[in-house]
Amino acid sequence: MFKDFRLIAGRPVFIQVKDYMKQLILRGALQGDQKLPSTRELSTLLGVSRNSVISAYEALADDGFTYAVQGQGSYVSQAAADQAGSPGDSAWTVDWKERLSSQARLAEELDIMKRGIRAAKGTISFTSIAPDESLFDLDNVKRAFMERMAVEGNVLLNYGYAKGYKPLIDYLLQYMEHKGVNTRGKDILITNGFTEGFDVVLSALGRKAGAVLCENPTHHTAIKNMKLHGFEIAGVPMERDGIHLGELKRALEAREYDCAYLVPSYHNPTGIVMSPEKRQRLMKLMTEYKVPVIEDGFNEELRYSGSHVAPLIAAAGGGNSVIYLGSFSKVLFPGLRVGWVLADQELIYYLESVKRARSIHTSTLDQSILYQYLLGGNLEKYLKRARAEYKRKYELTLACCQEHIPYTSLTGDGGLHLFITFAEGFSTRELLTACREQGVIFTAGDIFYTNGQGQNTLRLGFSRVADGDIRKGVEIIGSTARQLLG
């Protein structure tokens, strides 16, 4: 006994001793009312200072694992020893797979992260569309943290409000006004990023029709959530400037829908930005057929050229038919899990209750750091640097694709990815397998489709890939595709 103790650097020694002794008690290696070695003896056995053992024994007594007898030493508490399991104990073993809900089973079935390719070290991976952490503005984030903690640190570490941190809500309302949105009669709910916002909205919507309209292809996480909420999904094909309005009208004429989910700017996965004219015509159609819109403001800030394109919620004017889901995850720091829902005040009133029932509130500390960072004018400075770097990578990746890949179409107006379509009958799953053997991976496009199509497509994320790897990786994809095409 006591020979398997190993110190871990960077952690207080007395805590390590305390935890080690706890484990001995819980494993049954030390019995109830058994006397423990003296502090001097244990310090020698473990190779630590006597003061560390004294502090560990005091902490064990505080936790109820030991008790001290004056003049005699420390003993194992019988109550703590009773918690130790013995090999002979009978225990009821539950088969949890038999008790899973259909929703849990479906969630696991749709969880591509568990079934995704595990990239070996040195693999060139085009699978991510997360921001490049080397661009993160750490100094100003640290400054924002210190400034906010100095002002209201005690408050930030306590429970917050389900609706969100008011200074951030007020800032975001003004931010959306600058995008051309009429915020009269609207309000904001802060969420843990886009995914929670979408989940909360879908939870609150009634299922009169039981169906949702969306672009085809579309955001895979959105597809998962719509399926988990039991909605039928009707995907509408894309054109070069966004959703096909003719096909959309046919879908609207065919049946009723509870809502539409749309990604008009730097669409995931195609990267297409819907034209301003199409946005206006789209909103007229949705108004005519009385279908509310959930708008995903994905990557809206990563425009590399041209003027700002107002979101759909701006095209709705004073109407309240658009629910806008916003997040800075793709342009700032996804580790700060902060997103927002901008919608009709009455709807936000109910969404707040759904949010409170599910997660109580989004981290007030995260919200306050983001608020202080934005308040200091850092977003504009960061975006200027980030846009320049991502634009350079975008142009490099685009040029490499145009030179090496035998595609039939290539889309992506900015953002952090390109979408490639090959000839009908070509399998990008087969291409992925062949490229993986050569140290290159990407995202097969079929996961973004609502109807099993897209077997001949792929998404190429370049945000976190080095220049040399972009050139090498795209060339490998292109040469391998040509071989498979014969």
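Visitor: Which helix gives the largest share of the lining of the largest pocket?
Guide: This is a predicted model. Several elements supply at least two lining residues each, among them helix H6 (112–115), helix H9 (193–204) and strand E10 (322–327). The largest share is five residues, and the helix that gives it is H10.

Visitor: What is the volume of the largest pocket?
Guide: Its lining has 50 residues. Ile112, Met113, His220, Ile447 and Arg459 lie nearest the centre. The volume is about 1,400 Å³.

Visitor: How many charged residues are in the lining of the largest pocket?
Guide: Nonpolar residues number 20 in this lining. Polar residues number 18. The charged residues number twelve.

Visitor: Which strand gives the largest share of the lining of the second largest pocket?
Guide: This pocket holds about 420 Å³, and 23 residues line it. Strand E6 (232–239), strand E12 (409–411) and strand E13 (417–421) each supply at least two of them. The largest share is three residues, from E6.

Visitor: How many polar residues does the lining of the second largest pocket have?
Guide: Ser409, Phe419, Thr421, Tyr449 and Thr457 lie nearest the centre of this pocket. By class, its lining has eight nonpolar and three charged residues. The polar count is twelve.

Visitor: Which helix gives the largest share of the largest nonpolar core?
Guide: The largest core has 111 residues. Those with the most contacts inside it include Phe126, Leu248, Phe328 and Trp340. Ten residues of this core, the largest share, come from residues 378–404, helix H16.

Visitor: How many residues are in the second, separate core?
Guide: Val17 and Met21 belong to this core. Tyr57 and Leu60 are also included. The count is 20 residues.

Visitor: What is the volume of the largest cavity?
Guide: The structure holds two cavities of 30 Å³ or more. The largest is lined by 13 residues, with Gly297, Glu300, Glu301, Ser327 and Phe328 nearest its centre. E10 gives the largest share of that lining, three residues. The volume is about 70 Å³.

Visitor: How many charged residues are in the lining of the second largest cavity?
Guide: The volume here is about 60 Å³. Phe328, Leu332, Phe333 and Leu370 are among the lining residues, as is Ser329. Phe328 also touches Phe333, Val338 and Leu370, among others. The lining divides into six nonpolar, one polar and, for charged residues, none.

How values were computed: Residues numbered from 1 in each chain as written. Predicted model: local features only at pLDDT ≥ 70, side-chain atom pairs only at ≥ 80, totals over all residues. Heavy atoms only, no water. 1 Å grid on protein atoms, 1.4 Å probe; cavity = no way out; pocket = protein on both sides within 12 Å on 5 of 7 lines; lining within 4 Å. Points joined across faces, edges and corners; volume = space filled by probe spheres on them. Helix = DSSP H or I, 4+ residues; strand = E, 2+ residues; numbered from the N terminus. Nonpolar A, V, L, I, M, F, W, Y, C, P; charged D, E, K, R; others polar. Core = buried A, V, L, I, M, F, W, Y, C linked by side-chain atoms within 4.5 Å. Buried < 20%, exposed > 50% of the residue type's maximum accessible area, 1.4 Å probe, protein only. Contact = heavy atoms within 4.5 Å. Lists of a residue's contacts leave out its neighbours within four places in sequence.
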